[in-house]
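Student: I'm new to this one and would like a guided look around. Can we go through it piece by piece?

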Amino acid sequence: MTTPLLHHRVDGPGGAPVLVLGPSLGTSLRVWEPQTAGLAHDHRVVRWDLPGHGGSPAGPGVLSAGATVADLGRHVLRIADALGAGSFAYAGISLGGAVGTWLAAHHPDRVTRLALVCTSAHFGGPGPWRERARLVRAGGTAPVAESAPARWFTPAFTGHDELVADLLAADPESYAVCCEILAGTDLRPDLARIAAPTLVIAGREDNATPPAHGRELAGGIRGARYVEVPDAAHLAGVERPRSVLTALQVHFG
């Protein structure tokens, strides 16, 4: 059985270098909206949705219990292959950033440049993630959607209604499996394998993947550059869109 492609959207000139943008858990490709137009001036920007999120299909044929970050990485490679992109630059937020880390370490011939935004090589102990997976399987995503703004943004930020709506609409089983992927992810042994020029961006007020996690990434990847965005939490690109866009444009050219 052929694995279906994840939902994705392409913006920018057809002949431009490809830049793939990966989302965070519970969001859709909408999370990259603040940066897409600016990046699409010089790149063919490809945004993708996690399984069961946004427009992507759900179900065992897409993502099953026991999946790993490598399975998500292979989904991205299928999208790139379908678009004829032998190589591409990649930027990802949180879980989407972990996917980029895996791709750059295990498929160095495919990833030309890498940006890791508010992410980590490991996401804390597995217990809280497995508990969140149980919560969502039992009651859907509403309980985690209610608390999402406090995880994603600083208290002063209010522009989160559409992103919360995306989380409410996510398939509970797919969300739960993604939680379990985060529970089992530890990419620290892979960092030294990454050769692509790498930018690490952290939100100074991010409690989900604190700046120390970003510094660990930057310290483990040879030649990586680290940028910290003030007055921003986990979705720094939404809360401080210009700062994140500028850093990405400098890095990707």
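Tutor: Sure. One term before we start: contact means heavy atoms within 4.5 Å. Keep in mind, too, that this is a predicted model.

Student: Let's use that term right away. Leaving aside neighbours within four places in sequence, which residues is Arg215 in contact with?

Tutor: Arg215 is found in helix H8. Its relative accessible area is 46%, so Arg215 counts as partly exposed. Setting aside the neighbours within four places in sequence, the contacts of Arg215 are Tyr226 and Glu228.

Student: And how far apart in space are Arg215 and Asp49, C-alpha to C-alpha?

Tutor: Along the sequence, Arg215 and Asp49 are 166 residues apart. In space, the C-alpha to C-alpha distance between Arg215 and Asp49 is 27 Å.

Student: Now the sheet. What is the order of its strands?

Tutor: It is an open sheet of 7 strands with mixed pairing. Strand S1 (8-11) and strand S7 (225-229) are the edge strands, each pairing on one side only. Neighbouring strands are turned by 15° against each other on average, direction ignored. Reading across, the order is S1-S3-S2-S4-S5-S6-S7.

Student: Which strands does helix H8 touch when it packs on the sheet?

Tutor: H8 covers residues 211-220, and its direction makes about 165° with that of S7. The strands that H8 touches are S5, strand S6 (198-203) and S7.

Student: Do S1 and S3 run parallel or antiparallel?

Tutor: Take S2 and S3 for a start: 4 bridges join them, and they run parallel. In that pair, Leu21 stands opposite Arg47 in S3. On the S1 side, Val10 stands opposite Val46 in S3. S1 and S3 are also joined by 4 bridges, but they run antiparallel.

Student: How many of the residues of S3 are buried?

Tutor: Buried means under 20% relative accessible area. On one side of S3, Arg44, Val46 and Trp48 are buried, and on the other side Val45 and Arg47 are buried as well. Both faces are covered, and the count of buried residues is 5 of 5.

Student: Over in strand S5, what is the bridge partner of Ile93?

Tutor: Strand S4 (residues 88-93) and strand S5 (residues 111-117) run parallel, with 5 bridges joining them. The bridge partner of Ile93 in S5 is Val117.

Student: Where is Cys118 found, and is it buried or exposed?

Tutor: Cys118 lies in the loop between S5 and helix H4 (126-139). Its phi is near 45°, a positive value in a residue other than glycine. With a relative accessible area of 1%, Cys118 is buried.

Student: Asp231 has a positive phi as well. What is its relative accessibility?

Tutor: Phi of Asp231 is about 55°, although Asp231 is not a glycine. You'll find Asp231 in the loop between S7 and helix H9 (236-239). Asp231 counts as partly exposed, because its relative accessibility is 48%.

Student: On to helix H3. Why is H3 largely enclosed by the rest of the structure?

Tutor: H3 (residues 95-106) has 12 residues and reaches 17 Å from its first C-alpha to its last, close to the 16 Å expected. Its buried residues pack against strand S2 (18-22), strand S3 (44-48), helix H2 (69-82), S4, S5 and helix H7 (172-184). Among the buried ones are Leu95, Trp102 and Leu103. H3 is largely enclosed because its buried residues number 11 of 12.

Student: What do the buried residues of H2 pack against?

Tutor: H2 has 14 residues and reaches 20 Å from first C-alpha to last, close to the 20 Å expected. Its buried residues include Val69, Leu72, His75 and Ile79. After H2 comes Gly84, with a positive phi near 75°. The buried residues of H2 pack against S1, S2, S3, S4, H3 and H7.

Student: Last one: how do the residues in the contact of H5 with H6 divide into nonpolar, polar and charged?

Tutor: Helix H5 (residues 142-152) and helix H6 (residues 161-169) pack at about 145°, with their axes 9 Å apart, and the crossing is right-handed. On the H5 side the contact includes Val144, Arg151 and Trp152, and on the H6 side it includes Leu163 and Val164. The division is 10 nonpolar, no polar and 1 charged.

Note on methods. Residues are numbered from 1 along each chain as its sequence is written. This is a predicted model: local features need pLDDT of at least 70, side-chain atom pairs count only at pLDDT 80 or more; totals for chains, interfaces and linings use all residues. Side-chain values use heavy atoms; hydrogens and water are left out. Two strands pair if DSSP finds at least two bridges between them. Helices (H or I, at least four residues) and strands (E, at least two) are DSSP runs, numbered from the N terminus. Axes are lines fitted to C-alpha atoms, for helices over the stretch in contact, and angles run from 0 to 180 degrees between N-to-C directions. The expected span of a helix is 1.5 Å times one less than its number of residues. Buried means under 20% relative accessible area, exposed over 50%, partly exposed in between (1.4 Å probe, protein chains only). A crossing is left-handed if the near helix is turned anticlockwise from the far one by less than a right angle, and right-handed if clockwise. Ala, Val, Leu, Ile, Met, Phe, Trp, Tyr, Cys and Pro count as nonpolar, Asp, Glu, Lys and Arg as charged, and the others, Gly among them, as polar.
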